[in-house]
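This briefing introduces one protein structure to a reader who has not seen it before. It starts with a single residue and then moves on to helix packing, the core and the overall make-up.

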Amino acid sequence: RGLGYWASHGWGAWVEQCWRDLLGVFNYSFPARKEPRVSCYCCAQFAISREHLLRHPFEAYKKALHMLGEPPEVCHEGGP
């Protein structure tokens, strides 16, 4: 879902920064004026080839898991 949904609930800037932080874990960035759009499968599953999986160190995946799925689930600290 786009950021419009989150913005209508007052969380738009925070959610956008969270996605940008997550992309940074994998050394990707989004242009500052372009809204991140994220799609995913239900139930926190994803598909990836071995080749793509091995492009990033194990530590990057551990950090992403900590940001999104392990308590205390801190995707972004501070303001947007």
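**A histidine in a loop**

His56 sits in the loop that runs between helix H3 (50–53) and H4. The model is predicted. His56 has a relative accessible area of 17%, under the 20% limit, and therefore counts as buried.

- Setting aside neighbours within four places in sequence, His56 is in contact with Phe26, Tyr28 and Tyr61.
- Two of these partners, Phe26 and Tyr61, also belong to the largest nonpolar core.

**How H2 and H4 pack**

- Helix H2 covers residues 12–25 and helix H4 covers residues 58–68.
- The two helices pack at an angle of about 165 degrees, and their axes are 9 Å apart.
- Angles over 145 degrees count as roughly antiparallel, and H2 and H4 are therefore roughly antiparallel to each other.
- The crossing of H2 past H4 is right-handed.
- On the H2 side, the contact is made by Asp21, Leu22 and Val25.
- On the H4 side, Ala60, Lys63, Ala64, Met67 and Leu68 meet them.
- By type, the residues of this contact divide into six nonpolar, two charged and no polar.

**The largest nonpolar core**

- Nine residues form the largest nonpolar core: Cys18, Leu22, Val25, Phe26, Ala60, Tyr61, Ala64, Met67 and Cys75.
- H2 and H4 are the elements that give two or more residues to this core.
- H4 supplies the largest share, four residues.
- Ala64, one of the core residues, touches Leu22, Val25 and Phe26 when residues up to four places away in sequence are not counted.
- As a general background, nonpolar side chains in soluble globular proteins tend to be buried together.

**A tryptophan in H2**

- Trp19 lies in helix H2.
- Its relative accessibility is 27%, so Trp19 counts as partly exposed.
- Trp19 and Phe30 are eleven residues apart in sequence, and their C-alpha atoms are 9.3 Å apart in space.

**The protein as a whole**

- The protein has four helices and zero strands.
- Along the sequence, the pattern reads α-α-α-α.
- Of the 80 residues in the protein, 21% are buried.
- Among contacts between residues at least 6 apart in sequence, 50% join residues at least 24 apart.

Key
Residues are numbered from 1 along each chain as its sequence is written. This is a predicted model: local features need pLDDT of at least 70, side-chain atom pairs count only at pLDDT 80 or more; totals for chains, interfaces and linings use all residues. Side-chain values use heavy atoms; hydrogens and water are left out. Axes are lines fitted to C-alpha atoms, for helices over the stretch in contact, and angles run from 0 to 180 degrees between N-to-C directions. Angles under 35 degrees count as roughly parallel, over 145 as roughly antiparallel, 65 to 115 as roughly perpendicular and the rest as oblique. A crossing is left-handed if the near helix is turned anticlockwise from the far one by less than a right angle, and right-handed if clockwise. Contact means heavy atoms within 4.5 Å. Ala, Val, Leu, Ile, Met, Phe, Trp, Tyr, Cys and Pro count as nonpolar, Asp, Glu, Lys and Arg as charged, and the others, Gly among them, as polar. A nonpolar core is a set of buried Ala, Val, Leu, Ile, Met, Phe, Trp, Tyr and Cys residues joined through side-chain atoms within 4.5 Å. Buried means under 20% relative accessible area, exposed over 50%, partly exposed in between (1.4 Å probe, protein chains only).
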